[in-house]
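This report looks at how the interior of a protein chain is packed and how some of its strands and helices are arranged. Please keep the sequence and the coordinates at hand while reading.

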Amino acid sequence: MSSGNGTDGDGQGPPAEQLALIRETVRRTAPRARPRTWRGAALAENLPVARVLVDKGLVHLDRYFDYAVPAAMDAEARPGVRVRVRFGAGERDGRREGGGLINGFIVERVAESDYPGALAPLAQVLSPEPVLTPALLALCRAVADRYAGALADVVQLAVPPRMARAERTAPPSPAAPAPPPTAPEPGGWARYPDGPAFLTALREGGVPRAVWTALPGPRWPEELARALLTTAASGRGALAVVPDGRAAARVDAALAALHPGQDPLHVLLTADAGPEARYRRWLAVSRGRARVVVGTRAAMFAPVRDLGLVAVWDDGDQALRDEHAPQPHAREVLMLRAVHERAALLVGGHTRTVEGERLVDAGWARPLAADRATVRATAPLVRTVGDLDEARDVAARTARLPSLAWRAARDALRLGPVLVQVPRRGYVPRLACERCREPARCPHCHGPLASPGAARELTCGWCGGASPHWRCPACGGARLRASVVGAHRTAEELGRAFQGVPVRVCGGDQAVPTVPDRPALVVSTPGAEPVADGPGYAAALLLDAWALLGRADLRAEEEALRRWLAASALVRPHTEGGTVVAVAEPTLRPVQALVRWNPEGHAARELAERAELGYPPVSRMAAVSGLPEAVAAFLAAARLPPDAEILGPVPLPRREPGQPRRTGDPPPGEAWERALVRVPPGSGAALAAALRTAQAARLSRREGPPVRILIDPTDLG
């Protein structure tokens with residue numbers, strides 16, 4: 001009698017006859033394809049070749065590769081889905097074998113391949129979800145061409161990582177499109193002479209393009225939401241990109257207030273939601289369940305169906321430029337979408353960038369701004385404290401605040417909170433010798449010494465080492481003075497000057513979205529200013545203006561004005577007691593633009609000077625950086641347009657090990673150079689193509705180390 005495990009009753013194995021029968025049965029079974037190899041598997045009868053974009057961000061591999069489609073994958077291997085393929089395989093006995101597994105996307109299915117040899121089969125369909133739509137692929141291709149980058153790099157920015165659970169739980173595509181919402185009233189757009197006409201064009205299906213200079217105050221999220229909902233009322237989709245999650249949350253709340261309901265019309269795409277929730281929302285957009293998208297930088301690629309409006313808020317913020325190759329800017333990507341998808345464009349902010357002024361000056365977009373009477377009625381009163389005022393002010397030489405700023409803060413605290421903008425974080429991020437003013441440096445790595453607190457040891461900003469017994473190498477002095485004062489030290493001094501008044505520091509990991517409408521001092525770094533409840537801040541103090549204006553950068557004045565206007569726009573109007581005190585020389589041009597609240601005039605003047613000097617955005621420019629011999633060889637081999645002009649090369653600042661690095665900085669210890677290649681308008685596409693071709697040839701031939709290419713660099717030094 002046999003037991004349940006197939007052995008004889010005496011515990012021995014099966015007899016020889018049974019083993020032979022099992023072996024014969026196995027031999028007669030049809031061979032099945034092994035996963036990820038598919039040796040001997042039948043191919044799909046219809047369109048058996050898949051063209052795949054592999055996830056290799058190298059310009060010399062920036063093309064499609066053909067793979068055979070096994071019959072078992074025929075139904076799932078659709079254009080746009082994620083797949084796994086073997087890349088770098090070799091041909092043996094009429095088939096391709098070997099190679100490493102790599103991710104990719106099917107671009108299209110064709111009947112036959114141009115490749116004469118054997119094709120490797122697809123290894124696996126990772127997901128049947130078509131995430132890379134033809135429209136999104138065309139956009140990625142246009143972005144890669146504009147920035148001289150690889151298509152795979154742009155697709156990696158455009159399509160979020162797959163989350164299997166999100167694909168299973170996300171709602172499916174609707175059987176029929178939902179009815180469009182009702183168009184909202186103009187609301188705050190009535191304050192602009194051309195505002196109602198802009199909304200009318202959106203509601204009627206038009207494609208207006210405008211550069212919007214928003215009025216000061218907290219109403220811009222509601223106005224942006226009205227433009228998005230008006231576009232949705234025409235049966236089209238809308239997309240808005242903002243610099244950070246706090247601004248996105250404000251626009252999201254305004255949309256929810258204008259269009260309440262259980263089935264939301266819009267989605268919020270930010271990193272704060274987490275990878276799975278963000279991917280689920282992205283799928284809702286891709287499947288057509290959401291018509292309106294609000295998000296941060298990565299949302300510029302959101303696959304909104306039937307796009308009718310693209311909008312970007314505060315386009316001068318550096319957060320809108322992606323740090324990953326090829327480093328596209330959200331404004332430029334949305335402009336490409338407006339052209340390719342025939343959508344309206346809205347570039348907005350409290351200031352006007354030079355790029356926005358260029359669009360207006362060229363007639364490509366129309367200005368959308370309020371008249372001067374409305375601006376004066378809604379703006380706060382702006383006062384300045386210049387060098388002569390500080391020289392005559394004893395308090396300005398001994399305290400953190402000049403007398404004018406101190407009195408303005410004292411009077412404003414009776415009405416509500418006061419905002420204090422400080423350009424630097426930390427306690428005392430920069431120190432110098434009290435006797436000779438020599439900057440305090442670390443004795444180990446020569447990095448800058450900083451004071452993290454009132455009773456804490458000096459630490460190096462590069463290596464983090466402590467220097468408890470520092471002495472000046474120039475004069476031997478042991479006493480230090482603050483050359484730059486941070487937000488925490490400012491809060492400490494303000495707490496002593498205004499005893500009994502709460503002091504709050506905002507910036508970095510201490511950022512908060514709002515503060516209550518009661519007397520308090522809010523010390524914040526630029527860009528982290530919270531919104532005050534109610535009518536807004538009673539006053540704002542803009543300290544250490546020299547730190548923003550003194551940067552060695554072509555955009556220093558433009559950036560300083562942008563940060564000042566963003567902070568001042570949070571202050572209530574002067575008719576309600578709102579005051580702004582800028583500790584800056586009043587004769588400087590950006591300070592005058594702040595006093596008059598005239599960002600359009602400042603942008604027009606900046607554009608005129610850029611045109612005279614031949615700098616962007618009037619011209620197109622590319623930065624080529626790398627080792628000196630690599631830059632020289634690259635520029636010599638590149639077939640640049642005839643009207644191209646090479647500026648430099650010049651050496652880049654050397655970065656020592658342990659020193660903080662920004663995106664694009666040289667590796668630690670390497671001496672790099674940078675050359676700027678400039679072309680007039682109309683030759684930008686030819687410049688990008690020439691640089692991309694030269695980079696591809698250099699990589700394919702392995703002619704030394706690669707160079708780094710950046711189109712339209714924001715930091716020219």
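Which residues does Val293 touch, not counting residues up to four places away in sequence? In this predicted model, Val293 touches Ala238, Leu239, Ala240, Val267, Leu269, Val285, Ala299, Ala302 and Val304. Val293 belongs to the largest nonpolar core, of 71 residues, where Leu136, Val159, Leu239, Val293 and Phe301 touch the most other members. Helix H2, residues 134-146, gives the most to this core, with 7 residues. Apart from it lies another core, of 66 residues, which includes Phe198, Leu255, Cys506 and Ala540.

Phe198 also appears among the buried residues of helix H5 (residues 195-203), which are Gly195, Phe198, Leu199 and Leu202. Seen down the axis of H5, these buried residues fall within an arc of 95 degrees, and they therefore line one face of the helix. The buried residues of H5 pack against the elements listed here.

| Element packed against buried residues of H5 | Residues |
|---|---|
| Helix H6 | residues 220-233 |
| Strand E8 | residues 209-213 |
| Strand E12 | residues 307-313 |
| Strand E13 | residues 344-349 |
| Strand E14 | residues 366-368 |

H5 is followed by Gly205, which has a positive phi near 85 degrees.

Turning to the sheet, 5 strands in the order E2-E1-E6-E3-E7 form an open, antiparallel arrangement. Because strand E2 (65-68) and strand E7 (124-127) stand at the edges with a single partner strand each, one side of each is left without a neighbour in the sheet. From one strand to the next, the twist averages 50 degrees. Strand E1 (residues 49-54) and strand E6 (residues 100-110) run antiparallel and are joined by 6 bridges, and the bridge partner of Val49 in E6 is Val110.

Notes. Residues are numbered from 1 along each chain as its sequence is written. This is a predicted model: local features need pLDDT of at least 70, side-chain atom pairs count only at pLDDT 80 or more; totals for chains, interfaces and linings use all residues. Side-chain values use heavy atoms; hydrogens and water are left out. A nonpolar core is a set of buried Ala, Val, Leu, Ile, Met, Phe, Trp, Tyr and Cys residues joined through side-chain atoms within 4.5 Å. Buried means under 20% relative accessible area, exposed over 50%, partly exposed in between (1.4 Å probe, protein chains only). Helices (H or I, at least four residues) and strands (E, at least two) are DSSP runs, numbered from the N terminus. Contact means heavy atoms within 4.5 Å. Two strands pair if DSSP finds at least two bridges between them. Axes are lines fitted to C-alpha atoms, for helices over the stretch in contact, and angles run from 0 to 180 degrees between N-to-C directions. The arc is that of the directions from the helix axis to the C-beta atoms.
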